[in-house]
Amino acid sequence: MRTQVAIVGAGPSGLLLGQLLLKEGISNVVLERQTAEHVLSRIRAGIIETGTAELLDAAGVGERMRRESLLHDGIEIAFAGARHRVNFRDLIGRGVVVYGQTELTRDLMVGREAAGGTTVYQAQDARLHGMDGSHPRVTYRQDGIERSIDCDFIAGCDGFHGVSRSSFPQSALTCYERIYPFGWLGIMVHQPPVSDELIYVNSERGFALCSMRSRRLSRLYLQCSVDDRVEDWPDERFYDELARRLDPAAAARLQTGKSIEKSIAPLRSFVAEPMCYGRLFLVGDAAHIVPPTGAKGLNLAASDVYYIWQALVGHYRGGSDTGLKEYSRRALARVWKAERFSWSMTSLLHQFPERNGFDRRIQEADLEYLLSSRAALTSLAENYVGLPL
Ligand code: APR
Ligand code: PHB
């Protein structure tokens, strides 16, 4: 098989890039290790920046999102028993789109099918060859048969555990990492959300988040220990603990019900530099991970996609490779700002077991300053709603 761009991974990064390239007449094949059903079974955050939403529109897959999503003009931050509204619209004139990543991935899959794009699911043992030359190649196995794709470029959109980043020579990559000493226990439940907007809670008992997918579907999180298992947290214990972390008015609005999904995610910050090696380009979670506190994972993946899409269009349509040469630098400049924001939101809102009394007082002062300063709130709003591309 021969294509212009071989895309490894059919998560949001790979599918969005594939769709944008198809629109420009640039051929591509997406290789995915799992089945489509498996890809759709993964639950991730549901906050979409304006720029990400516009990119989905540009890819021709934004229609259902525009129809079914909720538009949020702010968030609430709960601290010391009181809730404070952060009014994004008033501070910076923009808000965010609330739409589940699962639905967005489904829209991308439907769009790709309609555009006649080739996706190979259950592609086993993908291997990348010749990235440092001008004729890269991806090999894989399907139904026990060895297959090969010749291409001009490889987009490594295969997430944190993918093969692309590990195909770099070790000496060509520098990784930066922070592992946080806690996890997030999340549940999905068919109940209306606690409030009209998301509530981020800093409580002495640990962080909590009341989020949503729609007016009937809630997504709720608790900071938990890294050693906790899902079995340790029957629904009753989850709701009881969440109610204790919320203020009385919010706790009174918490509607309990049987959870339809429950999982624990570790929190990690990670960046690999540079994001390219020869003709291999890393995109999204393959190159960087953020803790979910700033809801930046999907949006950072989308900005990488934007830069590499523009670079490839420059190569094929404009005859210029400046965008390809500049890809890693441009993407990383935005990545590090989102890493900083996600780390700072995580530091501000969680209880850290190793922190002493001084550290806790500093955290309180940080929150009090944030909530009393229009300048600090504007900075939060600007980062949460999304920095420019
Ligand atoms: N061969 C083929 N596919 C692979 C391989 C491999 N060796 N390794 C991983 N994959 C696939 C995974 O099965 C997954 O479907 O690559 C895909 C990567 O998708 P994500 O992990 O979702 O990464 P990305 O598309 O960059 O998503 C960025 O969306 O999923 C969230 O947390 C993520 O919010 C972030 C954003
Ligand atoms: C979610 O809805 O899953 C969600 C929302 C905001 C976050 C993290 C997760 O910061």
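Trainee: In what order do the 6 strands of the open sheet stand, and what is the sense of their pairing?

Mentor: Strands of a sheet pair through backbone hydrogen bonds, in either a parallel or an antiparallel sense. Here the order is S8-S2-S1-S12-S19-S18, and the pairing is mixed. Strands (E, at least two residues) and helices (H or I, at least four) are DSSP runs numbered from the N terminus, and two strands count as paired if DSSP finds at least two bridges between them. Strand S8 (118–120) and strand S18 (276–277) are at the edges with a single partner strand each, so each has one side without a neighbour in the sheet.

As to conventions, this is a predicted model in which local features need pLDDT of at least 70 and side-chain atom pairs count only at pLDDT 80 or more, while totals for chains, interfaces and linings use all residues. Residues are numbered from 1 along each chain as its sequence is written, chains are lettered from A and ligands numbered from 1 in the order in which they are written, and side-chain values use heavy atoms, with hydrogens and water left out.

Trainee: How many bridges join S18 to strand S19, and in which sense do the two run?

Mentor: S18 and S19 (residues 280–282) run antiparallel and are joined by 2 bridges. As an instance, Cys276 has Phe281 in S19 as its bridge partner.

Trainee: Which strands stand at the edges of the sheet S3-S7-S4?

Mentor: That open sheet has 3 strands and antiparallel pairing. Its edges are strand S3 (47–48) and strand S4 (70–72); each has a single partner strand, so one side of each lacks a neighbour in the sheet. Strand S7 (residues 96–98) is joined to S4 by 3 bridges, and in S7 Val96 stands opposite His72.

Trainee: To which strand do 12 bridges join strand S13?

Mentor: The 12 bridges join S13 (residues 174–189) to strand S17 (residues 261–273), in the antiparallel sense. Within this pair, Cys175 has Ala272 in S17 as its bridge partner. S13 also pairs with S16 in the antiparallel sense, over 7 bridges, and Trp184 faces Gln223 of S16 there.

Trainee: Into which domains is the protein chain divided?

Mentor: Domain bounds come from an automatic or database domain assignment. Domain 1 comprises 5–72 + 94–177 + 267–346, and domain 2 comprises 180–260 + 351–385. Their centres, taken over C-alpha atoms, are separated by 29 Å. Contact (heavy atoms within 4.5 Å) involves 29 residues of domain 1 and 20 residues of domain 2.

Trainee: Which residues come nearest to ligand 1?

Mentor: A residue belongs to the surroundings of a ligand if one of its heavy atoms lies within 4 Å of it. Ligand 1 has 24 such residues, and Ser13, Glu32, Arg42, Arg44 and Gln101 come nearest. For polar contacts with a ligand, one looks for pairs of N or O atoms within 3.5 Å. A polar side-chain atom of Glu32 is 2.6 Å from an oxygen atom of ligand 1, and an N or O atom in the side chain of Ser13 is 2.7 Å from an oxygen atom of the ligand. The backbone takes part through Leu298, with a polar atom 3.1 Å from an oxygen atom of ligand 1. On its own ligand 1 has 700 Å² of accessible area (Shrake-Rupley method, 1.4 Å probe), of which the protein covers 92%.

Trainee: Which elements give two or more residues to the shell around ligand 1?

Mentor: They are helix H1 (12–23) and helix H9 (297–316). H9 gives the most, with 3 residues.

Trainee: Where does ligand 2 lie with respect to the domains?

Mentor: Both domain 1 and domain 2 give residues to the shell around ligand 2, so the ligand lies between them. Among its 14 surrounding residues, the nearest are Tyr200, Ser211, Arg213, Tyr221 and Pro292. A polar side-chain atom of Ser211 lies 2.6 Å from an oxygen atom of ligand 2, and a backbone N or O atom of Pro292 is 2.8 Å from an oxygen atom of this ligand. Taken alone, ligand 2 exposes 280 Å², and the protein buries 99% of that. Strand S15 (208–212) and strand S16 (218–224) are the elements that give two or more residues to its shell.

Trainee: Which peptide bond is cis, and which residue that is not a glycine has a positive phi?

Mentor: Most residues other than glycine have a negative phi, and most peptide bonds are trans. The bond from Glu273 to Pro274 is cis, with omega near -10 degrees, and Pro274 lies in the loop between S17 and S18. Ala80, although not a glycine, has a positive phi of about 50 degrees; Ala80 is in the loop between strand S5 (74–79) and strand S6 (82–87).

Notes
A polar contact is a pair of N or O atoms within 3.5 Å; within protein, one must be able to donate a hydrogen and the other to accept it, and residues adjacent in sequence count only if both atoms are side-chain atoms.
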